[in-house]
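Work through the exercises below with the model open. Each task is followed by a stepwise solution.

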Amino acid sequence: MVHEPNGGDCCCKHKASPRSDEFQENLQKRLNRAIGQLNGIKGMIDDNRYCGDVLVQLAGAEAAIHKVSLMILQDHMQTCVVEQIRQGDDEVVEEMVQLIKRFAK
């Protein structure tokens with residue numbers, strides 16, 4: 001369990017149904033690629049590279065992270081949300097509305 005600095009436990013939940021190995025590997029591969037891009041950008045900044053070049057690389061990293069977010073959002077709707085609605089938990093719809101607002105920016 002993850003512990004918060006104030007001594008409380010993390011409020012994060014676990015999925016009721018696990019992600020497939022293939023989906024998990026795809027997410028990890030994409031996140032590792034984005035981490036690599038961010039490390040490269042950090043190096044560019046340390047090397048005082050041209051702002052335009054740094055911004056182009058930042059846009060690529062943002063797009064990679066956004067793609068991972070969309071993949072997880074879709075998986076969430078197809079698994080967690082469906083499961084919760086089937087169990088009679090309609091509050092998950094409001095959660096989805098808030099998540100969509102957050103990632104539609």
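**Exercise 1.** In which helix is the place of histidine 76? Then classify its burial and find its partners.

*Solution.* The model is predicted.
- Step 1: Histidine 76 sits in helix α2.
- Step 2: Its relative accessible area is 16%. Buried means under 20%, so histidine 76 is buried.
- Step 3: Leave out residues up to four places away in sequence; histidine 76 then touches Val81, Glu95, Met96 and Leu99.
- Step 4: One of these, Glu95, also makes a polar contact: the side chains of histidine 76 and glutamate 95 meet at 2.9 Å.

**Exercise 2.** Describe the largest pocket and its lining.

*Solution.*
- Step 1: The volume of the largest pocket is about 700 Å³.
- Step 2: Its lining has 25 residues, and Lys13, Lys15, Arg19, His76 and Cys80 lie nearest the centre.
- Step 3: Assign the helices. α1 (21-46), α2 (51-86) and α3 (91-103) each give at least two lining residues. α2 supplies the largest share, 10 residues.
- Step 4: Sort the lining by type: 12 nonpolar, 7 polar and 6 charged.

**Exercise 3.** Are cysteine 51 and cysteine 80 buried or exposed? Count the disulfides as well.

*Solution.*
- Step 1: Cysteine 51 has 57% relative accessibility. The exposed class starts over 50%, so cysteine 51 is exposed.
- Step 2: Cysteine 80 has 12% relative accessibility, so cysteine 80 is buried.
- Step 3: A disulfide needs two cysteine sulfur atoms within 2.5 Å. The count is 0 disulfides.

Note on methods. Residues numbered from 1 in each chain as written. Predicted model: local features only at pLDDT ≥ 70, side-chain atom pairs only at ≥ 80, totals over all residues. Heavy atoms only, no water. 1 Å grid on protein atoms, 1.4 Å probe; cavity = no way out; pocket = protein on both sides within 12 Å on 5 of 7 lines; lining within 4 Å. Points joined across faces, edges and corners; volume = space filled by probe spheres on them. Helix = DSSP H or I, 4+ residues; strand = E, 2+ residues; numbered from the N terminus. Nonpolar A, V, L, I, M, F, W, Y, C, P; charged D, E, K, R; others polar. Buried < 20%, exposed > 50% of the residue type's maximum accessible area, 1.4 Å probe, protein only. Polar contact = N/O pair within 3.5 Å; in protein donor to acceptor, adjacent residues only side chain to side chain. Contact = heavy atoms within 4.5 Å.
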